[in-house]
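Biologist: Could you take me on a close look at the nonpolar core of this model, and at what packs together elsewhere? I'd love one connected walk through it.

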Amino acid sequence: MGSEMVMVDEFPFPSQITTTKPLSLLGHGITDMEIHFLQIKFTAIGVYLDPEIVGHLKKWKGKPGNVLAEDDDFFDAVASAPVEKFFRIVVIKEIKGSQYGGLLEGAVRDRLAAEDKYEEEEEAALEKVVEFFQSKYCKSKSVITFHFPATSNTAEITFSTEGKEDSKMVVDNGNVVHMIKKWYLGGTRGVSETTITSLANTLSEKLSK
């Protein structure tokens, strides 16, 4: 784990994590909703990417962050770039695992259906993800991670909460894996606008060097 910490909302995120190689925290933010004029925060998000991703985004060199944040083609390229990615999600407001799994399932299914890629294999793979979260209770400070290796179309999902052993599962349907990436890296359709803005600004800065 990198020694420096970045505070996302009130939660510390390492500025770097090492999976098979060091990955940098290039974007962070929260998911939230306004209910009766009150801001309810649900999760804090950290997006870790292999710094080599910049080499796959040269086409957008010189574009400012506010332009990149609105450019879904740019975020398609970020999601599709053949580099290692790691998402760290910290629960702020406790939620049933079934609710989180349902949100993920709905977002992924809608994206797949829009591209005519929602077949029986995808449905079965998504059901496994829903089942994985079904028995979990995401109390505050629980951590959900998604690890996407550079070389395979898989995702390893880990859930850790105080007082219990970590649970893990692997998603091996490439279409489902890609749309999980797009849930968090979806540009204007991403689940967290603050994370997209943060990523766009960091990548714009790195591309200008």
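Modeller: Happy to; here is the core, followed by a pair of helices. This is a predicted model, so local features need pLDDT of at least 70 and side-chain atom pairs count only at pLDDT 80 or more, while totals for chains, interfaces and linings use all residues. Residues are numbered from 1 along each chain as its sequence is written, and side-chain values use heavy atoms, with hydrogens and water left out.

A nonpolar core here is a set of buried Ala, Val, Leu, Ile, Met, Phe, Trp, Tyr and Cys residues joined through side-chain atoms within 4.5 Å; buried means under 20% relative accessible area (1.4 Å probe, protein chains only). The largest such core holds 52 residues, and Ile53 and Phe146 have the most contacts inside it. Helix H5 (residues 174-184) supplies the largest share of this core, six residues; helices are DSSP runs of H or I, at least four residues, numbered from the N terminus. A second, separate core has 13 residues, among them Phe13, Ala44, Tyr48 and Phe86.

Beyond four places away in sequence, Phe146 touches residues including Phe86, Tyr100, Ile180 and Tyr184, where contact means heavy atoms within 4.5 Å.

Now the helix pair. The axes of H2 (residues 72-80) and H6 (residues 193-207) come within 12 Å and cross at roughly 80 degrees; axes are lines fitted to C-alpha atoms over the stretch in contact, with angles from 0 to 180 degrees between N-to-C directions. That makes H2 roughly perpendicular to H6, a label for 65 to 115 degrees. Phe74, Phe75 and Val78 in H2 meet Ile196, Leu199, Ala200, Leu203 and Leu207 in H6.

Notes. Buried < 20%, exposed > 50% of the residue type's maximum accessible area, 1.4 Å probe, protein only. Helix = DSSP H or I, 4+ residues; strand = E, 2+ residues; numbered from the N terminus. Parallel < 35°, antiparallel > 145°, perpendicular 65-115°, else oblique.
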